[in-house]
Amino acid sequence: MAMHPDVEVAPDLRISGRIGVVITAYKIGPVLTDSIQSIYSQVGIDLAAVVVVVDGCSFVRSTRAICDRYARAHDNFHSIWLTNGGASRARNSGLRWLMNQHPDLEAVFVLDGDDLILPNA
């Protein structure tokens with residue numbers, strides 16, 4: 001998908017350092033795969049970690065299978081499993097883990113489990 005022709009990204013706004021991504025997942029099921037894959041398909045980024053925070057998921061089997069598959073395929077993929085505590089708690093847990101493990105990050109992106117990152121974003 002191309003950017004709108006009137007939109008430009010200034011070169012000094014591009015991120016050149018390491019980034020981390022926190023994805024919150026609540027009642028999301030198989031759609032989570034699309035969200036995770038949209039991150040791993042980005043080109044030219046230094047991806048330190050992707051953390052999926054599962055917050056009281058009712059699609060436990062499919063979500064666990066998705067997380068296990070990405071953990072086997074990517075050393076920088078992690079999942080955190082919480083009892084249902086709300087979106088803010090899930091985001092904060094993921095951010096806390098990410099910043100403790102990777103204090104050198106230039107940027108952190110926080111997504112919901114059904115969000116997608118456009119190619120070459």
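In the predicted model, V22 stands opposite V51 of β2. The strands β1 and β2 run parallel and are joined by eight bridges. They belong to an open sheet of four strands, in which the order is β3-β2-β1-β4 and the pairing is parallel. β3 and β4 form the edges of this sheet, each pairing on one side only. From one strand to the next, the twist averages 20 degrees.

Two helices were examined in relation to the strands. α2 lies across β2 and β3, and runs at about 155 degrees to β3. α1 (31–40) is largely enclosed by the rest of the structure, because seven of its ten residues are buried. The buried residues of α1 are L32, T33, S35, I36, S38, I39 and Y40. These residues pack against β1, β2, α2, β3 (77–82) and β4.

The largest nonpolar core comprises 19 residues, and those with the most contacts inside it are I23, L32, I36, V50, V52 and F77. At least two residues of this core are supplied by each of β1 (18–25), α1 (31–40), β2 (46–55), α2 (60–73) and β4. The surroundings of V52 illustrate the packing. Leaving aside residues up to four places away in sequence, V52 touches I23, A25, L32, I36, C67, F77, H78, S79 and I80. A second core, separate from the largest, has ten residues, among them V51, V53, L98 and L105. V51, the residue opposite V22, is thus placed in this second core.

The segment after β4 (107–112) contains D115. With a relative accessible area of 28%, D115 is partly exposed; the 20% limit for a buried residue is exceeded, so D115 does not count as buried. A polar atom of the D115 side chain lies 2.8 Å from the backbone nitrogen of D112. When residues up to four places away in sequence are not counted, D115 touches S35 and S38, both of which are among the buried residues of α1. The C-alpha atoms of D115 and V31 are 9.1 Å apart in space, although 84 residues separate the two in sequence.

Key
Residues are numbered from 1 along each chain as its sequence is written. This is a predicted model: local features need pLDDT of at least 70, side-chain atom pairs count only at pLDDT 80 or more; totals for chains, interfaces and linings use all residues. Side-chain values use heavy atoms; hydrogens and water are left out. Buried means under 20% relative accessible area, exposed over 50%, partly exposed in between (1.4 Å probe, protein chains only). Contact means heavy atoms within 4.5 Å. A polar contact is a pair of N or O atoms within 3.5 Å; within protein, one must be able to donate a hydrogen and the other to accept it, and residues adjacent in sequence count only if both atoms are side-chain atoms. A nonpolar core is a set of buried Ala, Val, Leu, Ile, Met, Phe, Trp, Tyr and Cys residues joined through side-chain atoms within 4.5 Å. Two strands pair if DSSP finds at least two bridges between them. Axes are lines fitted to C-alpha atoms, for helices over the stretch in contact, and angles run from 0 to 180 degrees between N-to-C directions.
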